[in-house]
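Opening the notebook on this one. I wanted to see how the chain is laid out and how much of it is covered.

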Amino acid sequence: MGKRKLVTGVVLGATAGGLISLLDKETRVYAKEKLASAKSGASYMLKNPSETIHSVRTNFDKLNQAFAKGAENTINALNQAETTLEKVTNKGKSDRIE
């Protein structure tokens, strides 16, 4: 029951905040332009579904490649840090032995 009240409160608060912000004329004009742009984009997507799917697939591939490259860079950085720590640790041990 508490979860339902929280979600309802968040939705009502966001709605009230959005409506209050529309009291400003500049905000209304901005919102109207963005809604018109979204409507235009949605109608284009509906009229050209194959192009939309191709675009989504291309963007997903780019995101996937960027993520893979980021993961590879992170792994390389961790390997370098591990190597450096091993050198420092081994140097400290060899200094004590002599």
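I started with Ser55, which comes out at 36% relative accessibility. The partly exposed class runs between 20% and 50%, so Ser55 counts as partly exposed. I noted that this is a predicted model. Ser55 sits in helix H3. I then took its distance to Gln80: the two are 25 residues apart in sequence, and their C-alpha atoms are 37 Å apart in space.

**Entry: another spot in H3.** I looked up Ala81, which also belongs to helix H3. Its relative accessible area is 38%, so I filed Ala81 as partly exposed. From Ala81 to Phe60 I count 21 residues along the sequence, and the C-alpha to C-alpha distance is 31 Å.

**Entry: H1.** Ser21 is in helix H1. I get a relative accessible area of 34% for Ser21, which makes this residue partly exposed. The C-alpha atoms of Ser21 and Gly9 are 18 Å apart, with the two residues twelve places apart along the chain.

Next I checked the geometry of H1, residues 2-21. With 20 residues at 1.5 Å a residue, the helix should span 28 Å. The span uses one less than the number of residues. The end C-alpha atoms of H1 turn out to be 28 Å apart, so the expectation and the model agree. I also looked for buried residues in H1 and found zero among its 20 residues, so I wrote it down as hardly covered.

**Entry: the whole chain.** What is the pattern of the protein chain along the sequence? It reads α-α-α, and I count three helices and zero strands.

How does the radius of gyration compare with that of a compact globule? For 98 residues such a globule would be near 13 Å, but the protein chain has 27 Å. The C-alpha trace spans about 80 × 45 × 35 Å along its principal axes. Burial was my next check: buried residues are 1% of the 98 in the protein chain.

**Entry: surface and charge.** I get about 9200 Å² of accessible surface for the protein chain, with 63% of it on carbon and sulfur atoms. On the charge side there are 16 positive and 10 negative side chains. The centres of those two sets are 13 Å apart.

**Entry: confidence.** Last, I went through pLDDT. The protein chain averages 91, and 93% of its residues reach 70 or more. Which element has the lowest mean pLDDT, and which the highest? Helix H3 (residues 49-97) has the lowest at 90, while helix H2 (residues 25-47) has the highest at 95. A reminder to myself: where pLDDT is low, predicted coordinates should not be read in detail.

Technical notes. Residues are numbered from 1 along each chain as its sequence is written. Side-chain values use heavy atoms; hydrogens and water are left out. Helices (H or I, at least four residues) and strands (E, at least two) are DSSP runs, numbered from the N terminus. Buried means under 20% relative accessible area, exposed over 50%, partly exposed in between (1.4 Å probe, protein chains only). The radius of gyration is taken over C-alpha atoms; the globule rule is 2.2 Å times the number of residues to the power 0.38. Accessible areas come from the Shrake-Rupley method with a 1.4 Å probe; for residues, only the protein chains shown count as cover. Lys and Arg count as positive and Asp and Glu as negative; His and the chain ends are not counted. The place of a charge is taken as NZ of Lys, CZ of Arg, CG of Asp or CD of Glu. pLDDT is the predictor's confidence in each residue, from 0 to 100.
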